[in-house]
Amino acid sequence: MDPELEAFIPFFPKADLSDPVTARENLAKLAASVPVPDVADMEIEDRTVPADPDVPVRIYRPRRARGAIVWMHGGGFVMGNLDTEYPWATRLADGSGAVVISVGYRLAPEHPFPAALDDVYAALTWTAEHAAELGVDPERIAVGGHSAGGTLAAATALRARDQDGPPIRFQLLNQPSLDDRQQSWSARNFTGTPWMTSAKLAQVWRHYLAAAAASSPYAAPARAEKLSGLPPAYLATAEFCPNRDEGIEYALRLLQSGVPVELHQWSGTFHGSQAIVSAEVSQRQLTELGGALHRALA
């Protein structure tokens, strides 16, 4: 493991997802401790997307932005909100020059699948319909997210393809959870890795999935039989992450289906380590995410 990251492990809050309320409070404390970059050259606005129910979004507009990304926070479908994602959404907007529409989707277990996906899809549709108002090119709209947010982004790309939804230029998938079956080598062997363990992943999927949804590719994108026709992707994995191998396999399947993919395997890192913004390797991860989005929307 990267020694700089290893030094931070004792300070990570425990995320026992059997107690979602406490887990949410701990994540909020962690996010509040992260320094925020200068946002003087960025407009930040809270809006509400009309849906059933309405979906809160926070819009980050850098100057001279051309494209946009509908962006989903991580947190295992159970934790996170617009406020906890603020430190990373600002960095993504600043590093990419794109408008970031951060989505406050509904959380499990109170709202299992497909609630979060419905919220994200409503936000994507709203973004496409309001592109002129947002000052972005409707042909330059991407989807992306960290962890569970990456899952929702991949699922949104599948749904938009299948349902002739808004065109998506690019999908930015950072350490996504893609397969509820958890049969990969990394899922079976990384049982005690920092922050995210195989047992915690099992909790994540139990909270998120209703029994009838277990085989849906819109819940677990790795279950999709066909990946052709999806937008180009950047997919990042962490070396010591239970999700690592399913992410790599998904990237390979996209490539084999004719979808352009940039795959970045970050050695010496663990799931969620990009949150440690004071670590050099974490800064490089965040810079690379912004750079990948900038290239895709240029």
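I began with burial, and I noted that 59% of the 298 residues of the chain count as buried. I should write down at once that this is a predicted model, and I read every entry below with that in mind.

Next I looked up the overall make-up, and I found that the chain has ten helices and eight strands. I then turned to the radius of gyration, which is 17 Å and close to the 19 Å that the globule rule gives for 298 residues, so the chain is as compact as a globular protein of that length. For the extent in space, I recorded that the C-alpha trace spans about 50 × 45 × 35 Å along its principal axes.

I also asked myself what share of the contacts with a separation of 6 or more comes from residues 24 or more positions apart. The entry I made is 78% for this chain.

After that I picked out one pair of helices, α4, which covers residues 115-129, and α6, which covers residues 148-162. Their axes lie 10 Å apart and the packing angle is about 65°. Since angles of 65 to 115 degrees count as roughly perpendicular, I could write that α4 and α6 are therefore roughly perpendicular to each other. I noted as well that the crossing of α4 past α6 is right-handed.

Which residues meet where α4 and α6 are in contact? On the α4 side I listed Ala-116, Leu-117, Asp-118, Val-120, Tyr-121 and Leu-124, and on the α6 side Leu-152, Ala-155, Thr-156, Arg-159 and Ala-160. Sorting this contact by class, I entered eight nonpolar residues, one polar residue and two charged residues.

How values were computed
Residues numbered from 1 in each chain as written. Predicted model: local features only at pLDDT ≥ 70, side-chain atom pairs only at ≥ 80, totals over all residues. Heavy atoms only, no water. Axes fitted to C-alpha atoms, helices over the stretch in contact; angles between N-to-C directions. Helix = DSSP H or I, 4+ residues; strand = E, 2+ residues; numbered from the N terminus. Parallel < 35°, antiparallel > 145°, perpendicular 65-115°, else oblique. Left-handed = near helix turned anticlockwise from the far one by under 90°. Contact = heavy atoms within 4.5 Å. Nonpolar A, V, L, I, M, F, W, Y, C, P; charged D, E, K, R; others polar. Rg over C-alpha atoms; globule rule 2.2 N^0.38 Å. Buried < 20%, exposed > 50% of the residue type's maximum accessible area, 1.4 Å probe, protein only.
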